[in-house]
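Here's a quick tour of one protein model, written for someone just starting out with structures. Have a look at the sequence and the 3D view, then work through the points below.

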Amino acid sequence: GCSCRGTAGVAHVSCLTEEAKILVAEGEENNLGAKARTERWHRWDECSLCKQRYDGVVRCALSWGCWKTYVGRSETDWPRQGAINVLGSGLDAAKHHEDALSVREAELAMKRRLGASTSNILVVQTNLALTYQHLGRLEQAMQMQKDVYFGRLTTHGVEHTYTLTAANNYAAS
């Protein structure tokens, strides 16, 4: 669940899924700006009341709802690309790491096939490295974190926040 307490913290996953689906659709139909679309998109993984991320099985169930909602769209549609990321995170949150690995690898292949920016690819690689780590595949995790660090160093320079975060992730792997 999330951090809500009492009756305010109880909701059906199907209701949360429908709410997120409606909000994202309204954002698309009304051509809302990036900030408003992002806020609406986060309803797939964040409680609207306490603003905490869902975790465990709730996050996993919502991620499947997100994936089922957008899987039929073209890979070039941003909701389709976002849905595969939400699914990977949801599976990891529920400790379904083998399944998350397949999703993360598919996401990386899709981003490369579509010619995504270096920064977007590095985000996916970071997530993939964390999944490797959860699976105990430490050599692969470390190599991926190393690749991300050098990618961030090249793209953003030595003192950028993204580079420093990547350096920390690499050191921790």
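Let's start inside: Gln145 counts as buried, because its relative accessibility is just 1% and the cut-off for buried is under 20%. Keep in mind that this is a predicted model. Gln145 sits in helix H7, which covers residues 138-156, and we'll come back to that helix a few times.

**Around helix H7**

- Which residues does Gln145 touch, once you leave aside its neighbours within four places in sequence? The contacts are Thr126, Ala129, Leu130, Asn169, Tyr170 and Ser173.
- Gln143 is also found in helix H7, but this one is partly exposed, with a relative accessible area of 40%.
- Want a sense of distance? Gln143 and Thr76 are 67 residues apart along the chain, and their C-alpha atoms are separated by 29 Å.
- Phe150 has its place in H7 too. Going from C-alpha to C-alpha, Phe150 and Ala166 are 8.5 Å apart in space, with their positions 16 residues apart in sequence.

**Helices side by side**

- When two helices pack, people describe them by the angle between their axes and the distance between the axes.
- Take helix H6 (residues 118-134) and H7: their axes come within 8 Å and cross at roughly 160 degrees. Are they roughly parallel or roughly antiparallel? H6 and H7 are roughly antiparallel, because angles over 145 degrees count that way.
- The H6 and H7 crossing is left-handed.
- Plenty of residues meet here: from H6 they include Leu122, Thr126, Ala129 and Leu130, and from H7 they include Met144, Gln145, Val148 and Gly151. You've already met some of these names, since Thr126, Ala129 and Leu130 are among the contacts of Gln145.
- Now for another pair. Helix H1 (residues 13-29) and helix H2 (residues 34-41) have axes that come within 8 Å and cross at roughly 165 degrees, so H1 and H2 are roughly antiparallel to each other as well.
- H1 passes H2 in a left-handed crossing. On the H1 side, the contact is made by Leu23, Val24, Glu26 and Gly27, and on the H2 side by Arg37, Arg40 and Trp41.

**Aromatic rings**

- How many aromatic pairs does the count come to? It comes to six aromatic pairs.
- One of them is formed by Tyr149 and Phe150, with 5.0 Å from centre to centre and 65 degrees between the planes. That pair is edge-to-face, because planes over 60 degrees apart count that way.
- The partners differ in how much surface they show: Tyr149 is buried, with a relative accessible area of 18%, whereas Phe150 is partly exposed at 42%.
- Elsewhere, ring pairs link Trp41, Trp44, Tyr70 and Trp78 into a cluster. Trp41 is a name to remember, as it also takes part in the contact between H1 and H2.

**Cysteines on their own**

- A disulfide is a covalent bond between the sulfur atoms of two cysteines. This structure holds zero of them.
- Why is Cys15 in no disulfide? The nearest cysteine sulfur, that of Cys47, is 14 Å away, and a disulfide needs two sulfur atoms within 2.5 Å. Cys15 is partly exposed, with a relative accessible area of 44%.
- Cys60 is in no disulfide either: its nearest cysteine sulfur belongs to Cys66 and is 12 Å away. Cys60 counts as buried, at 9% relative accessibility.

**Two lysines with a positive phi**

- Most residues other than glycine have a negative phi. That makes a couple of lysines worth a look.
- Lys51 has a phi near 65 degrees, a positive value. You'll find Lys51 in the loop between H2 and helix H3 (56-70), and it counts as exposed, at 51% relative accessibility.
- Lys95 likewise has a positive phi, near 65 degrees. Its spot is the loop between helix H4 (78-93) and helix H5 (97-113). Is Lys95 buried or exposed? Lys95 is exposed, because its relative accessible area is 65% and the cut-off for exposed is over 50%.

Definitions and conventions
Residues are numbered from 1 along each chain as its sequence is written. This is a predicted model: local features need pLDDT of at least 70, side-chain atom pairs count only at pLDDT 80 or more; totals for chains, interfaces and linings use all residues. Side-chain values use heavy atoms; hydrogens and water are left out. Rings of Phe, Tyr and Trp (its six-membered ring) pair if their centres lie within 6.5 Å; planes under 30 degrees apart count as stacked, over 60 as edge-to-face and the rest as tilted. Buried means under 20% relative accessible area, exposed over 50%, partly exposed in between (1.4 Å probe, protein chains only). Axes are lines fitted to C-alpha atoms, for helices over the stretch in contact, and angles run from 0 to 180 degrees between N-to-C directions. Helices (H or I, at least four residues) and strands (E, at least two) are DSSP runs, numbered from the N terminus. Angles under 35 degrees count as roughly parallel, over 145 as roughly antiparallel, 65 to 115 as roughly perpendicular and the rest as oblique. A crossing is left-handed if the near helix is turned anticlockwise from the far one by less than a right angle, and right-handed if clockwise. Contact means heavy atoms within 4.5 Å.
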